[in-house]
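Thanks for coming. I will talk about charged side chains and how they pair up, so please have the structure open while I speak.

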Amino acid sequence: MPDTSRTATTRPSLTERRKAATQLEIARTAAALFAERGADSTTAEDIAHASGIALRTFYRYFRTKEDSVAPLLSSGVKQWIADLRDSPDDLPVPRALERAALRSLTPTDEAETQALHWTRGLIRAMDSHPALLSVWLRVTHDAEEELTPVLAALAGGEADPLEIRLASAAANTAMRVAVEVWATTDAADHGPGGPAELAARCVHGLTAGLRLWDGPGEAATAD
């Protein structure tokens, strides 16, 4: 039987990596301006000027000023999925999910800490700015689409596709809820009440009872 423990990945081209880096830098600039001035008082022209690019260039990358924060919001999601994909071969999938949640939401440097704080500010602004909420919901929907094949590979080729989709939806929802709940509090970005601790709790709570984990290899490690 072929080894399906990992999905095949293709490294993006240099051009694609440069484009992604530029988009992320614009996203950080936009998030900083939204935090400083508010989304309603920030224009696409403001973001383009602060990013050192022409407005025409801004619109080549993004349709609206709200869209410009999507790379920042999705960067943590991509890190989570990458951490999950790189889980140790002998780690049961539920534990791999919790491990990836902890790793991806524990900032290790100033840039990651700042990104979390900007994300908190953007989530707080969504109640009064529906266009930002639409971007967040699109990012989390795309995350579920990316997560599904990774979970399928980790679970093995004989796993029920329905159970894979259910596990993907549960894990993705757990991460979204954890970040949203943390964003509404004044909890620190580390420790009790922080995003990593909440995410691990939510992932465990929403995925622990899934039938997908009832195989011999998983049941033996269940708490």
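**Charged pairs in the model**

Let me begin with one residue, aspartate 67. It is buried, because its relative accessibility is 7% and buried means under 20%. Keep in mind that this is a predicted model.

Which residues form a salt bridge with aspartate 67? One is arginine 63, with the closest N and O atoms 3.4 Å apart. Arginine 138 is another, and there the closest N and O atoms are 3.2 Å apart. That second pair links distant parts of the chain. Aspartate 67 sits in the loop between α3 (55-61) and α4 (70-85), while arginine 138 is in helix α7, residues 130-155. The two are 71 residues apart.

Now look at how open the two arginines are. Arginine 63 has a relative accessible area of 63%, so it is exposed. Arginine 138 comes out at 34%, so it counts as partly exposed.

Next, a pair inside a single helix. Glutamate 180 and arginine 176 form a salt bridge, and their closest N and O atoms are 3.1 Å apart. Both residues lie in helix α8, which covers residues 161-183. They are four residues apart, about one turn of the helix. Are these two buried or exposed? Neither word fits: glutamate 180, at 21% relative accessibility, counts as partly exposed, and arginine 176, at 24%, is partly exposed too.

Back to the earlier group for a moment. Arg63, Asp67 and Arg138 are joined into one network by salt bridges that share partners. In total, the structure holds ten salt bridges, and I have picked out a few of them.

My last residue has no such partner. Aspartate 83 is in helix α4. It is buried, yet it has no salt bridge. Why is arginine 103 not counted as its partner? Arginine 103 is the nearest side chain of opposite charge, but it is 4.2 Å away. A salt bridge needs the nitrogen within 4 Å of the carboxyl oxygen, so this pair is not counted.

What does aspartate 83 touch, leaving out residues up to four places away in sequence? The contacts are Arg99, Ala100, Arg103 and Ser104. Arginine 103 is therefore a contact of aspartate 83 without being a salt-bridge partner, since contact means heavy atoms within 4.5 Å.

That is where I will stop.

Terms used: Residues numbered from 1 in each chain as written. Predicted model: local features only at pLDDT ≥ 70, side-chain atom pairs only at ≥ 80, totals over all residues. Heavy atoms only, no water. Buried < 20%, exposed > 50% of the residue type's maximum accessible area, 1.4 Å probe, protein only. Lys, Arg positive; Asp, Glu negative; His and termini not counted.
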